[in-house]
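User: I would like a close look at one part of this structure, set out as a connected account. Please take the packing of the interior as the point of departure and follow the elements that adjoin it.

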Amino acid sequence: MNTSLRVAVATARLLRTRVTCFVGIGVPSLAAMLAKRLHAPELNLIYESGVIGAHPATPPLSTGSPSVAAGAEMVGRMIDVFGALQDGRIEVGLLSAAQVDRTGNLNSTLVSSAKGQRRLPGSGGALDIALLANELIILMPHEKRRLVEKVDFVTSPGRAATRAHSQRIVTDLGSFAFSESVISLETCYEDVDPAVAAQFGNAVVDHSNAKPIPVPTEEEIRIFKTFADEE
Amino acid sequence: MSKILALDRMVAEHIADGDTIFVGGFGQNVPFAIGAEVIRQKRRNLTLCRTGADILFDLMIAAGAVQKVIVGWIGNPGIGLNHAFTRALASGELELEESSNFSVLLRLMAGGLGIPFVPTRTLTDGDIVKSLPSAQQLQCPFTNEPVIAIQALKPDVAIVHVQRADRFGNLQSWGVLGETAEGVTASRKVIATAEEIVEPEVIRANPGRTFVPGWRVAAVAEVPLGAYPSYCQGYYGRDDDFYRQYDQFSRSADELTCWIKNNVTDTVGWPDFLKTLESDRIRLSTQAPNSSTAARQ
């Protein structure tokens with residue numbers, strides 16, 4: 001709960017109202033739901049199943065879940081939302097994955113370990129969102145096995161291949177941003193040592209300009225708990 | 001001419017070994033009853049395609065019906081992996097063409113438009129496109145910019161579940177459709193199950209709800225709960241517990257084989273399968289919050 005909460009809060013604070021946002025399942029949905037209930041009531045949530053202007057009451061299990069469709073402003077077709085994405089009309093894409101590296105490459109296909117390769121469900125819309133959203137926010141727990149030196153498989157290509165004008169990686173410790181293709185720590189939760197938040201793969205990235213951000217407020221935590229499960 | 005057929009006859013007449021099948025539904029209306037009948041009739045060497053595939057694919061793979069899948073995503077939504085799929089892939093029994101959801105959607109759209117490919121801006125980079133025969137780089141003849149050409153896909157038959165249909169095969173569905181319309185349009189033939197067969201007047205009173213016209217449909221069967229354990233907006237909710245239990249018993253190949261034998265192969269048909277479930281559960285799932293009166297129109 002604490003990890004998801006901190007990732008969701010740091011992400012929600014980046015989402016402005018009246019922005020159109022392509023949302024993935026999991027923590028991306030939690031962050032978007034939180035922002036909508038706090039400072040961004042007109043945040044336009046779009047799910048790949050074709051739902052536009054979603055108002056999920058409970059965190060959806062899949063983009064086709066009843067909670068995505070119920071109470072939405074439009075249940076369209078998949079081509080409506082992917083067409084808008086390709087046409088450059090989606091302002092922010094929210095994604096998670098199994099692994100990310102310092103070039104922004106994402107892996108949601110397979111991970112290798114000493115025990116062999118482990119298959120994952122694959123891209124879904126992630127590859128399309130990563131390549132085609134105008135701004136990209138990647139949500140990741142700050143774990144060694146996730147913030148890696150080199151991803152085991154490039155499902156969604158990173159900074160150099162995307163057309164996003166900005167790309168961030170938000171963790172439960174802080175957030176990374178790119179200047180050109182160089183990654184640095186942009187923000188850091190005030191209860192975390194920036195040198196720890198800046199650990200990424202085998203390196204500690206530049207954290208000299210990391211801005212401290214407040215820990216989740218009582219109000220943020222209270223609202224989050226109204227829809228997110230205790231873990 | 002009436003297009004109404006019993007489920008078993010519909011599958012016997014319209015699905016052959018080796019067919020490429022588009023599987024409709026997205027979250028809701030996953031055609032489990034048709035899939036179970038395909039397993040019961042022991043079809044082999046099928047290719048299954050759709051954007052995001054759920055546990056119906058896994059059941060059909062476990063039953064030995066499937067040779068290849070074409071998908072953008074395959075798993076147990078919100079829960080995790082498809083275990084029979086993972087085993088079949090590791091053993092080399094199953095062929096996988098994996099891309100992204102938008103890519104599969106575009107393949108189907110091109111198929112439905114009767115053209116060999118469509119240009120797109122996705123799939124420009126990454127590891128997926130490196131080994132994807134259905135995507136090739138192309139120069140736009142108008143702007144000279146590089147685009148990706150993605151090849152049309154024309155399935156032999158689409159299998160779908162809908163809320164209601166009439167005897168002429170007109171299919172009405174509402175709620176989340178995903179890419180079901182595009183998949184149906186691309187397919188040479190369409191077969192469907194419906195919660196209800198209604199009078200043509202009911203269909204014609206609300207023609208905007210028809211998403212597949214009868215002239216494209218080969219056959220339709222009335223099968224209440226034909227999308228169970230997925231949901232059908234206005235009729236019943238999703239049985240999330242079934243998906244969780246499936247994740248557990250499908251971890252063992254033996255347990256899954258046994259489950260398929262007891263609940264699919266050795267049963268007479270779909271209503272028989274439903275009887276094997278606790279009656280509580282279906283009642284419960286039919287009363288889920290999404291089957292609100294507002295949703296049923």
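Which residues of the largest nonpolar core touch the most other members?

Analyst: The model is a predicted one. Its largest nonpolar core holds 91 residues, and those that touch the most other members are A:Leu43, A:Leu94, A:Ile169 and B:Leu123. A second, separate core comprises 57 residues, including B:Phe32, B:Ala65, B:Ala88 and B:Phe249. In soluble globular proteins, nonpolar side chains tend to be buried together.

Of the residues named for the larger core, A:Ile169 serves as the starting point here. Beyond its neighbours within four places in sequence, A:Ile169 contacts A:Val100, A:Asp101, A:Ile138, A:Met140, A:Gly174, A:Ser175, A:Phe176, A:Phe178, A:Ile183 and A:Phe200. One of these contacts, A:Phe176, is also the bridge partner of A:Ile169 in E12(A). The strands concerned are E11 of chain A, residues 166-170, and E12(A), which pair in the antiparallel sense over three bridges.

From E12(A), residues 174-179, the pairing continues to E13(A), residues 182-189, again in the antiparallel sense and over six bridges. Within that pair, A:Ala177 is placed opposite A:Ser184 of E13(A). The two strands form a hairpin with two residues between them, and A:Glu180 in the turn has a positive phi of about 55°. E13(A) is further joined by three bridges to E16 of chain A, residues 211-213, and these two strands run parallel. Here A:Tyr189 stands opposite A:Ile213 in E16(A).

These strands belong to an open sheet of ten strands in chain A with mixed pairing, ordered E4-E3-E2-E1-E5-E10-E11-E12-E13-E16. E4 (74-75) and E16 of chain A each have a single partner strand and stand at the edges, so one side of each lacks a neighbour in the sheet. Helix H2 of chain A, residues 27-37, lies across E1 (20-23), E2 (44-47), E5 (92-96) and E10 (135-139) of chain A, and runs at about 135° to E5(A).

In chain B, the second core leads to a pair of helices by way of B:Ala88, which is among its members. H3 of chain B, residues 55-62, packs against H4 of chain B, residues 83-91, at an angle of about 50°, the axes being 7 Å apart. That angle makes H3(B) oblique to H4(B). The crossing of H3(B) past H4(B) is left-handed. At the contact, B:Asp58, B:Ile61 and B:Ala62 of H3(B) meet B:His83, B:Ala84, B:Phe85 and B:Ala88 of H4(B). On the H4(B) side, B:His83, B:Ala84, B:Phe85 and B:Ala88 are buried. Just after H4(B), B:Gly92 adopts a positive phi of about 85°.

Chain B also contains a mostly covered strand, E10(B), residues 157-165, in which nine of its nine residues are buried. E1 of chain B, residues 20-23, runs parallel to E10(B) and is joined to E10(B) by three bridges, with B:Val23 opposite B:Ile159. Eight bridges connect E10(B) with E12 of chain B, residues 189-197, also in parallel, and B:Ala158 stands opposite B:Val190 there. With E11 of chain B, residues 171-172, E10(B) runs antiparallel over two bridges, and B:Arg164 stands opposite B:Gln172. E10(B) and E11(B) form a hairpin with five residues between the strands, in which B:Gly169 takes a positive phi near 90°.

Terms used: Residues are numbered from 1 along each chain as its sequence is written. Chains are lettered from A and ligands numbered from 1 in the order in which they are written. This is a predicted model: local features need pLDDT of at least 70, side-chain atom pairs count only at pLDDT 80 or more; totals for chains, interfaces and linings use all residues. Side-chain values use heavy atoms; hydrogens and water are left out. A nonpolar core is a set of buried Ala, Val, Leu, Ile, Met, Phe, Trp, Tyr and Cys residues joined through side-chain atoms within 4.5 Å. Buried means under 20% relative accessible area, exposed over 50%, partly exposed in between (1.4 Å probe, protein chains only). Contact means heavy atoms within 4.5 Å. Two strands pair if DSSP finds at least two bridges between them. Helices (H or I, at least four residues) and strands (E, at least two) are DSSP runs, numbered from the N terminus. Axes are lines fitted to C-alpha atoms, for helices over the stretch in contact, and angles run from 0 to 180 degrees between N-to-C directions. Angles under 35 degrees count as roughly parallel, over 145 as roughly antiparallel, 65 to 115 as roughly perpendicular and the rest as oblique. A crossing is left-handed if the near helix is turned anticlockwise from the far one by less than a right angle, and right-handed if clockwise.
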